[in-house]
Amino acid sequence: VHAAQKLGRQWIGIDITPLATNLIKTRLEDAFAGLNVPIEGWPVDMAGAVALAALEDKYHFQDWAVIQAGGRPAGGDRKKGADKGIDGVIPFMDGKTPRRGIISVKAGNTGPAHVRDLAGVVAADPDAAFGVFVCLNPPTKPMNEAALEQGVWVSDYDGRTYPRVQILCA
């Protein structure tokens, strides 16, 4: 696809995984200024996100949500519990220290226990600066309270404080 674009040819790229399609989209948009690469079949609104989450393979929604949050899907062995609460990561440099944000995605019913579970995963990971909890439905007041209870972390890079656990709604 990249070579076809470079040569000015028309092209269509096909892949089944959100990770692969996002990789080529990012690569093309970085290489060719002003190019907007649409991805058919990716949610562009809440109805699309709900439809993707309802599919039999929940991992496509999970990977899509991680990518939308700016992370990289964890992948690997996805048997129940095998991911240890890590669906994706956001690697970054905090000053001179390599750090990461941990992403947890839930498409079904969620509650404050899920937020606290993520907080436990973040606390147990020496490289984790923060956690991002991505849910399909808007967070409840107890979920927001559970996130606030986790406090903040201070960036070595800019000295600013950031929430230790953040909640995003797809």
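User: What pattern of helices and strands does the protein chain follow, read along the sequence?

Analyst: Read along the sequence, the pattern is α-α-α-α-β-β-β-α-β-α-β-β-β. Keep in mind that you are looking at a predicted model. In total, the protein chain has 6 helices and 7 strands. Its C-alpha trace spans about 55 × 40 × 30 Å along the principal axes.

User: How many of the residues of the protein chain count as buried?

Analyst: Of the 170 residues, 36% count as buried. You can also ask how far along the sequence the contacts reach. Among contacts between residues at least 6 apart in sequence, 53% join residues at least 24 apart.

User: Let's take the helices. At what angle do helix 3 and helix 4 pack?

Analyst: Start with the general idea. An α-helix has 3.6 residues a turn, so residues three or four places apart point the same way. Now the case here: helix 3 (residues 46-54) packs with helix 4 (residues 58-68) at an angle of about 140°, and their axes are 6 Å apart. The two helices are therefore oblique to each other.

User: Which residues meet where helix 3 packs with helix 4?

Analyst: From helix 3 come A49, L52 and A53, and they meet H60, F61 and W64 of helix 4. By character, the residues of this contact divide into 5 nonpolar, 1 polar and no charged.

User: Is helix 4 mostly covered or mostly uncovered?

Analyst: Mostly covered, as 8 of its 11 residues are buried. Those residues are H60, F61, Q62, D63, W64, A65, V66 and I67. They pack against helix 2, helix 3, strand 1, strand 2, strand 3 and strand 4. After helix 4 comes G70, which has a positive phi near 90°.

User: I also clicked on N22. Is N22 buried or exposed?

Analyst: N22, which is found in helix 2 (residues 18-31), has 19% relative accessibility and therefore counts as buried. Setting aside neighbours within four places in sequence, N22 is in contact with I39, W42 and I67. You have met I67 already, among the buried residues of helix 4.

User: Now the sheet, please. What is the order of the strands?

Analyst: First, the general idea. In a regular strand the side chains alternate between the two faces of the sheet. In this structure, an open sheet of 5 strands has the order 1-2-3-4-7, with mixed pairing. At the edges stand strand 1 (72-73) and strand 7 (165-169), each with a single partner strand, so one side of each has no neighbour in the sheet.

User: How many bridges join strand 1 to strand 2, and how many join strand 2 to strand 3?

Analyst: Strand 1 and strand 2 (residues 88-94) run antiparallel and are joined by 2 bridges. One place to look is R72, whose bridge partner in strand 2 is V89. Strand 2 and strand 3 (residues 97-106) also run antiparallel, joined by 7 bridges. There, F92 stands opposite R99 of strand 3. The hairpin of strand 2 and strand 3 has 2 residues between the strands, and in it G95 takes a positive phi near 70°.

User: Which strands does helix 6 lie across?

Analyst: Helix 6 (residues 141-148) lies across strand 4 (128-135) and strand 7, and runs at about 150° to strand 7.

User: My last topic is the aromatic rings. How many aromatic pairs are there in the whole structure?

Analyst: A pair of aromatic rings is described by the distance of the centres and the angle of the planes. A search of the whole structure finds 5 aromatic pairs. In one of them, the rings of F92 and W153 have centres 6.0 Å apart and planes at 45°, so the pair is tilted. This pair links distant parts of the chain, with F92 in strand 2 and W153 in strand 5 (residues 152-154), 61 residues apart. With 23% relative accessibility, F92 counts as partly exposed, whereas W153, at 10%, counts as buried.

User: How far apart are the ring centres of F130 and W153?

Analyst: They are 5.9 Å apart, and the planes are at 15°, so this pair is stacked. F130 belongs to strand 4 and W153 to strand 5, 23 residues apart. Both F130 and W153 are buried.

User: Which residues do the ring pairs link into a cluster?

Analyst: The cluster consists of F92, F130, W153 and Y162. Try finding W153 in the model and tracing its pairs with F92 and F130.

Definitions and conventions:
Residues are numbered from 1 along each chain as its sequence is written. This is a predicted model: local features need pLDDT of at least 70, side-chain atom pairs count only at pLDDT 80 or more; totals for chains, interfaces and linings use all residues. Side-chain values use heavy atoms; hydrogens and water are left out. Axes are lines fitted to C-alpha atoms, for helices over the stretch in contact, and angles run from 0 to 180 degrees between N-to-C directions. Helices (H or I, at least four residues) and strands (E, at least two) are DSSP runs, numbered from the N terminus. Angles under 35 degrees count as roughly parallel, over 145 as roughly antiparallel, 65 to 115 as roughly perpendicular and the rest as oblique. Contact means heavy atoms within 4.5 Å. Ala, Val, Leu, Ile, Met, Phe, Trp, Tyr, Cys and Pro count as nonpolar, Asp, Glu, Lys and Arg as charged, and the others, Gly among them, as polar. Two strands pair if DSSP finds at least two bridges between them. Rings of Phe, Tyr and Trp (its six-membered ring) pair if their centres lie within 6.5 Å; planes under 30 degrees apart count as stacked, over 60 as edge-to-face and the rest as tilted. Buried means under 20% relative accessible area, exposed over 50%, partly exposed in between (1.4 Å probe, protein chains only).
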